[in-house]
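Hello,

Here is the structure I promised to pass on. Please open it beside this email and follow along; my notes come after it.

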Amino acid sequence: MIRRPPRSTPKPSSAASDVYKRQALSFTPSELNDPLISGPEADPDNDGLNNLAEFYFNGEPRNPGPSPGTIGQRNGVVSLSFTRRTGAAALTDMQLYSSTDLITWNADPLAEVTTIVDNGDGSETVTLSSSAGPGTHERLFLRLQLSSRE
């Protein structure tokens, strides 16, 4: 499919504007021109979360932080809970993956958001339920993959 450019420049959504404002506050003008520092795939603090994930999980791209999520299990259902920036879901797609060995990862097409709680501070706590239960496996690992819609 070939996409044609819009006839007029669209106004960015408020969530998209937040991304640009955040970048301007987090990086110097010269760093903003360097995608290896301020690009969505860059990880300037080397904490394993790229700038897209830092924005999504309400982190700071310059300050390494703890893992943004926690895994739980209740009644045989495995869940992943995390805090994300309010409005970030409008800019990103997410896919939950599971693995029993950290080598082979399987997409969880039945994963679903079970709760979203507004924290009142510009963030919300999200809980995803996974269809991959621990079953007969001693361990189960979950990974959340983010991709930008822009």
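N46 is exposed, because its relative accessible area is 68% and the cut-off for that word is over 50%. N46 sits in the loop between α3 (35-38) and α4 (51-56). Its phi is positive, about 55°, although N46 is not a glycine. That deserves a note, because most residues other than glycine have a negative phi. Please keep in mind that this is a predicted model, so angles like this one are read from a prediction.

N58 is a second case: its phi is near 65°, again a positive value in a residue other than glycine. Where is N58 placed? N58 lies in the loop between α4 and β1. Is N58 buried, exposed or partly exposed? With a relative accessible area of 30%, N58 is partly exposed, because that value falls between the limits of 20% and 50%.

Next, the strands. One open sheet has 4 strands in the order β1-β2-β6-β5, and the pairing is antiparallel. Which strands stand at the edges of this sheet? They are β1 (69-74) and β5 (112-118). Each of the two has a single partner strand, so one side of each is left without a neighbour in the sheet. On average, neighbouring strands of this sheet are turned by 25° against each other, direction ignored.

At the β5 edge, the partner is β6 (residues 123-130), and the two strands run antiparallel with 6 bridges joining them. To find the pairing on screen, look for V117, which stands opposite T125 in β6.

Strand β6 also holds S130. S130 counts as buried, because its relative accessibility is 8% and the cut-off for buried is under 20%. The side chain of S130 is joined to that of D108 by a polar contact of 2.6 Å.

Strand β3 (residues 92-99) has pairings of its own. How many bridges pair β3 with β7 (residues 141-148)? There are 8 bridges, in the antiparallel sense. One place to see this is T92, whose bridge partner in β7 is S148. β3 also pairs with β4 (residues 106-107), again in the antiparallel sense, over 2 bridges. Here S98 has N106 in β4 as its bridge partner. β3 and β4 form a hairpin with 6 residues between them. In the turn of that hairpin, L102 has a positive phi of about 65°.

Last, the empty space. Rolling a probe the size of a water molecule over the atoms shows where such space is left. The largest pocket holds about 390 Å³ of space, and 19 residues line it. Which residues lie nearest its centre? They are L49, F57, R143, L144 and Q145. The elements that give two or more residues to the lining are α4, β1, β2 (77-85) and β7. Of these, β7 gives the most, with 5 residues. By class, the lining has 11 nonpolar, 6 polar and 2 charged residues.

If you want a route through the model, start at the loop that holds N46, go on to the open sheet with β1 and β5 at its edges, and finish at the largest pocket, where β7 gives the most to the lining.

Regards

Methods:
Residues are numbered from 1 along each chain as its sequence is written. This is a predicted model: local features need pLDDT of at least 70, side-chain atom pairs count only at pLDDT 80 or more; totals for chains, interfaces and linings use all residues. Side-chain values use heavy atoms; hydrogens and water are left out. Two strands pair if DSSP finds at least two bridges between them. Axes are lines fitted to C-alpha atoms, for helices over the stretch in contact, and angles run from 0 to 180 degrees between N-to-C directions. Buried means under 20% relative accessible area, exposed over 50%, partly exposed in between (1.4 Å probe, protein chains only). On a 1 Å grid over the protein atoms alone, a cavity is a set of points where a 1.4 Å probe fits but cannot get out, and a pocket is an open set with protein on both sides within 12 Å along at least five of seven lines; lining residues have an atom within 4 Å of a point. Grid points are joined across faces, edges and corners, and a volume is the space filled by probe spheres set on the points. Ala, Val, Leu, Ile, Met, Phe, Trp, Tyr, Cys and Pro count as nonpolar, Asp, Glu, Lys and Arg as charged, and the others, Gly among them, as polar. A polar contact is a pair of N or O atoms within 3.5 Å; within protein, one must be able to donate a hydrogen and the other to accept it, and residues adjacent in sequence count only if both atoms are side-chain atoms.
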